[in-house]
Amino acid sequence: MDYEVNIKSITFKVIGDFNLSKVRKIQHILKDKNNFELIIFDLSNTLFINSEAIKLIYLLNKEGKRLHLIKPPEIFKKTIQILGLKEAFYAITNKPI
């Protein structure tokens, strides 16, 4: 996983599975750098997102962080629907799930 920092935003480029290991790395990075106006998750190269990653995204959104997801995998969309969280994630993905 790589990340890019701009003045007002941070972009996490998740490669491979978005799992607990990557969630912990992201939490560590955000703990040190929590002044971003926008947090972007580029999921273009991600096939699987586990529950910890969904929880991270959900909690960041609930805290009022401005988030954007780029190309979330189909399994993410299906999981969100099953959990009944479509409305909560609509603003993040900028399109219906």
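This is a short talk through one protein chain, from its overall build down to a handful of residues.

Okay, so before anything else: what you have in front of you is a predicted model. Please keep that in mind as we go.

Let's start with the whole chain. How many helices and strands are there in the protein chain? We get 4 helices and 4 strands. If you read along the sequence, the order goes β-β-α-β-α-β-α-α, and that's a handy map for the rest of this talk.

Next, overall dimensions. For 97 residues, a compact globule would come out with a radius of gyration near 13 Å, and this chain has 12 Å, so the two agree. If you'd rather think in boxes, the C-alpha atoms fill one of roughly 35 × 25 × 20 Å along the principal axes.

What about the inside and the outside? Of the 97 residues, 38% count as buried. The accessible surface is about 6000 Å², and carbon and sulfur atoms account for 50% of that. As for contacts, take the ones between residues at least 6 apart in sequence: 66% of those join residues at least 24 apart.

Now charges. The chain has 16 positive and 10 negative charges, and the mean positions of those two sets are 1 Å apart. 

Side chains of opposite charge can pair when their charged atoms come close. So how many salt bridges does the count come to here? Just 1 salt bridge. The partners are glutamate 4 and lysine 13, whose side chains meet at 2.8 Å, N to O. And is glutamate 4 buried, exposed or partly exposed? Its relative accessibility is 40%, so glutamate 4 goes down as partly exposed. Lysine 13 is partly exposed too, with a relative accessible area of 31%.

Staying with glutamate 4 for a second, it also turns up on the contact list of serine 9. Serine 9 sits in strand E2, which covers residues 9-15. With 11% relative accessibility, serine 9 counts as buried, because the cut-off for that is under 20%. Setting aside residues up to four places away in sequence, serine 9 touches Glu4, Phe36 and Leu38. If you want a long-range ruler, pair serine 9 with asparagine 61: they're 52 residues apart in sequence and 15 Å apart in space, C-alpha to C-alpha.

On to helix H1, residues 20-32. Aspartate 32 is in that helix, and at 55% relative accessibility it counts as exposed. From aspartate 32 to lysine 8 is 24 residues in sequence and 15 Å in space, C-alpha to C-alpha. Glutamine 27 also has its place in helix H1. Glutamine 27 is partly exposed, at a relative accessible area of 42%. Which distance separates glutamine 27 from leucine 56 in space? That's 8.4 Å between C-alpha atoms, with their positions 29 residues apart in sequence.

Helix H2 runs over residues 51-62, and glutamate 52 is part of it. Glutamate 52 is partly exposed, with 31% relative accessibility. Leaving out neighbours within four places in sequence, glutamate 52 is in contact with Leu20 and Val23. Measuring along the chain instead, glutamate 52 and isoleucine 15 are 37 residues apart, and their C-alpha atoms are separated by 16 Å.

Last stop, the loop between strand E4 (66-70) and helix H3 (74-83), where you'll find lysine 71. What's the phi of lysine 71? It's near 50°, a positive value in a residue other than glycine. Lysine 71 is also exposed, with a relative accessible area of 60%.

To wrap up, here are two things to look for when you turn the model around. One is the salt bridge between glutamate 4 and lysine 13. The other is lysine 71, out in its loop with that positive phi. That's it from me, thanks.

Technical notes:
Residues numbered from 1 in each chain as written. Predicted model: local features only at pLDDT ≥ 70, side-chain atom pairs only at ≥ 80, totals over all residues. Heavy atoms only, no water. Helix = DSSP H or I, 4+ residues; strand = E, 2+ residues; numbered from the N terminus. Rg over C-alpha atoms; globule rule 2.2 N^0.38 Å. Buried < 20%, exposed > 50% of the residue type's maximum accessible area, 1.4 Å probe, protein only. Contact = heavy atoms within 4.5 Å. Areas by Shrake-Rupley, 256 points an atom, 1.4 Å probe, with all protein chains shown as cover. Lys, Arg positive; Asp, Glu negative; His and termini not counted. Charge placed at Lys NZ, Arg CZ, Asp CG, Glu CD. Salt bridge = Lys/Arg side-chain N within 4 Å of Asp/Glu carboxyl O.
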